[in-house]
Amino acid sequence: MTRSRFIPVCLLLAAAVAAPTPLSAQNPMQLAGAWTLNRQLSQFPTDIGFSADFLGALGPGAGPVGGGRRGGGGGGGNRGGFNGPRVVRETEADSQRISTLTDEVRNPFDHLTIAVTPTDVTITPDRAPARMLHPDGRDDTVSLGRVTSDVTTTWDAGRLVVVYKAGPGRQLRYVYSLNDNPIQLIVDVEFVERGGGDKVRRVYGPTVASDTKAAPASAPVAATAASAAPAVPAAPATREIGPIDQRPDAALKGLTKLGLVLEDLSGDAVACGLKQDALETTISKHLSDAGFRVVRYSDDDTYLYVNINTAKVSTGLCVSRYDVTIYSHAAAKLPHTESPVLVQAELLHKGGIAGGAPDAHATGVTKGIIEYVDQFSTRIRNAGK
């Protein structure tokens with residue numbers, strides 16, 4: 001064999017050896033166990049979620065479509081084309097369900113525990129209620145925290161297929177499968193909607209003792225390891241952070257002050273009737289009426305951030321994508337850092353689309369934003385009860 005042919009053959013052989021080997025005939029029971037997310041092997045796209053699909057879903061004067069991905073990148077935009085005036089209406093439960101399911105994909109669970117019996121599968125995430133699924137192809141109703149979702153579960157050649165019904169015309173499809181060498185739980189997620197949807201793969205490995213966060217049970221093991229390996233005695237101590245409050249919206253409890261940051265409006269937004277000062281004043285008043293101390297133009301602490309992207313098309317139609325987010329900051333030691341670093345945490349987020357004639361556009365956008373602001377205020381107030 002010549003050198004030019006030898007090198008490609010070697011590369012192919014090396015790739016075949018290094019690649020995980022899928023189980024040829026998976027036993028459903030092998031999914032059972034405790035699994036820990038491998039962030040190095042998992043995909044983390046910068047922009048993932050359901051598409052806005054505003055031109056296919058909105059006609060003149062239409063209201064918001066909640067839960068879409070931010071911005072227009074990553075495959076978003078008009079996937080269905082404009083088919084004349086029609087409006088997609090989502091209930092508050094639909095909007096919250098879409099937001100919750102999307103957040104679970106954007107911020108995947110670090111730990112999963114799976115229990116399998118001949119009649120059901122129970123998946124217990126580290127920061128959400130356990131979900132008992134019946135893989136018989138019929139609808140189940142599972143709790144996502146403050147909202148529920150209908151879900152259909154089936155077995156497909158040893159793979160577990162779980163389909164959440166997120167909202168009108170939108171589903172979230174999870175496929176759980178196994179690799180044999182090395183042993184890995186593969187979780188493929190697809191946003192199913194008209195025109196296709198985003199996909200992402202997450203890889204989990206078997207949980208080992210050092211991955212668990214139960215401090216009382218792991219303390220003796222950590223002490224033994226430290227005495228046996230004095231070169232790294234401080235490693236276990238960095239994880240002694242005490243019990244974590246995993247109740248829904250626990251991060252909102254005690255929140256009484258909010259900064260307010262409204263991103264500068266574009267020329268198209270102004271031409272479509274939006275006014276920076278008027279919108280800031282309206283948002284601030286609603287927050288104040290809800291009992292918050294509002295600090296405008298401040299992102300030093302926990303703050304509400306509003307971003308509006310507006311386009312005025314040639315027909316005179318104004319279309320705006322708006323996102324409302326509550327951010328906070330915290331010092332945390334990440335798995336790959338040696339000391340705590342300042343990180344930004346997203347506590348709440350919702351996004352919507354509004355379209356219509358310029359003379360009524362500002363009213364529609366403002367109404368959609370204020371609805372989200374009021375919903376956030378209610379969730380914060382309920383978290384403190």
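Analyst: Let's start with a term: a disulfide is counted here when a pair of cysteine sulfur atoms lies within 2.5 Å. Chemically, a disulfide is a covalent bond between the sulfur atoms of two cysteines. The model above is a predicted one, and every value we discuss is computed from it.

User: Thanks! How many disulfides does the structure hold, and which residues does the disulfide join?

Analyst: The structure holds one disulfide. Cys272 is joined to Cys318, with an S to S distance of 2.0 Å, so the pair satisfies the 2.5 Å cut-off. The pair links distant parts of the chain: the two cysteines are 46 residues apart, with Cys272 in the loop between helix 5 (267-271) and helix 6 (276-289) and Cys318 in strand 15 (residues 318-332).

User: Is the link of Cys272 and Cys318 left-handed or right-handed? And are Cys272 and Cys318 buried or exposed?

Analyst: For handedness, look at the torsion about the S-S bond: at -85°, this link is left-handed. As for accessibility, both Cys272 and Cys318 are buried.

User: Staying in that area, what does Thr310 touch?

Analyst: A contact list is a good way to place a residue in its surroundings. Thr310 sits in strand 14 (residues 303-312). Setting aside residues up to four places away in sequence, Thr310 touches Ser266, Asp268, Ala269, Cys272, Leu274, Val319, Ser320 and His361. One of these is Cys272, the disulfide partner of Cys318. With Ser320, Thr310 also makes a side-chain polar contact of 2.6 Å. Thr310 has a relative accessible area of 11%, and it therefore counts as buried, the cut-off being under 20%.

User: Before I look further, what is the mean pLDDT of the chain?

Analyst: Always a good check with a predicted model. The mean is 77, and 74% of the residues reach 70 or more. By element, strand 10 (residues 184-192) has the highest mean, 95, and helix 4 (residues 215-228) the lowest, 36.

User: Where does pLDDT stay under 50?

Analyst: One such stretch is residues 1-25, where the model has 17 contacts beyond four places in sequence. Another is residues 211-240, with ten contacts of that kind.

User: Strand 10 has the highest mean, then. Which residues is Leu185 in contact with?

Analyst: Leu185 is found in strand 10. Beyond its neighbours within four places in sequence, Leu185 contacts Leu31, Trp35, Leu112, Ile114, Tyr176, Ser177, Leu178, Arg202, Val203 and Tyr204. To see how sequence and space can part ways, take Val203: it is 18 residues from Leu185 in sequence, while the C-alpha atoms are 5.9 Å apart. Leu185 has a relative accessible area of 0%, so it counts as buried.

User: Trp35 and Leu112 appear in that list. How many bridges join strand 2 to strand 3?

Analyst: Bridges show which strands sit side by side, and in what direction. Four bridges join strand 2 (residues 33-37) to strand 3 (residues 111-116), and the two run antiparallel. Trp35 has Leu112 in strand 3 as its bridge partner. Strand 3 also runs antiparallel to strand 4 (residues 121-125), through five bridges. There, Thr113 is partnered by Thr124. Strands 3 and 4 are joined by a hairpin of four residues.

User: How do I read a helix? Why is helix 3 described as largely enclosed?

Analyst: Check its length, then its burial. At 1.5 Å a residue, the 15 residues of helix 3 (residues 92-106) should span 21 Å, and the end C-alpha atoms are 21 Å apart, so the two agree. Twelve of those 15 residues are buried, which means that the rest of the structure largely encloses the helix. Among the buried ones are Arg97, Ile98, Leu101, Glu104 and Arg106.

User: What should I look at in the backbone around Pro182 and Ala157?

Analyst: For Pro182, look at omega: the peptide bond joining Asn181 and Pro182 is cis, with omega about 0°. Pro182 lies in the loop between strand 9 (170-181) and strand 10. For Ala157, look at phi: it is near 55°, a positive value in a residue other than glycine. Ala157 belongs to the loop between strand 7 (148-156) and strand 8 (159-167). Its relative accessibility is 67%, so Ala157 counts as exposed.

User: And how many helices and strands are there in the chain?

Analyst: The chain has seven helices and 16 strands. Of its 385 residues, 39% are buried. Among contacts between residues at least 6 apart in sequence, 61% join residues at least 24 apart.

Conventions: Residues numbered from 1 in each chain as written. Predicted model: local features only at pLDDT ≥ 70, side-chain atom pairs only at ≥ 80, totals over all residues. Heavy atoms only, no water. pLDDT = per-residue confidence, 0-100. Contact = heavy atoms within 4.5 Å. Pairing = 2+ DSSP bridges. Buried < 20%, exposed > 50% of the residue type's maximum accessible area, 1.4 Å probe, protein only. Polar contact = N/O pair within 3.5 Å; in protein donor to acceptor, adjacent residues only side chain to side chain. Expected span 1.5 Å × (residues − 1).
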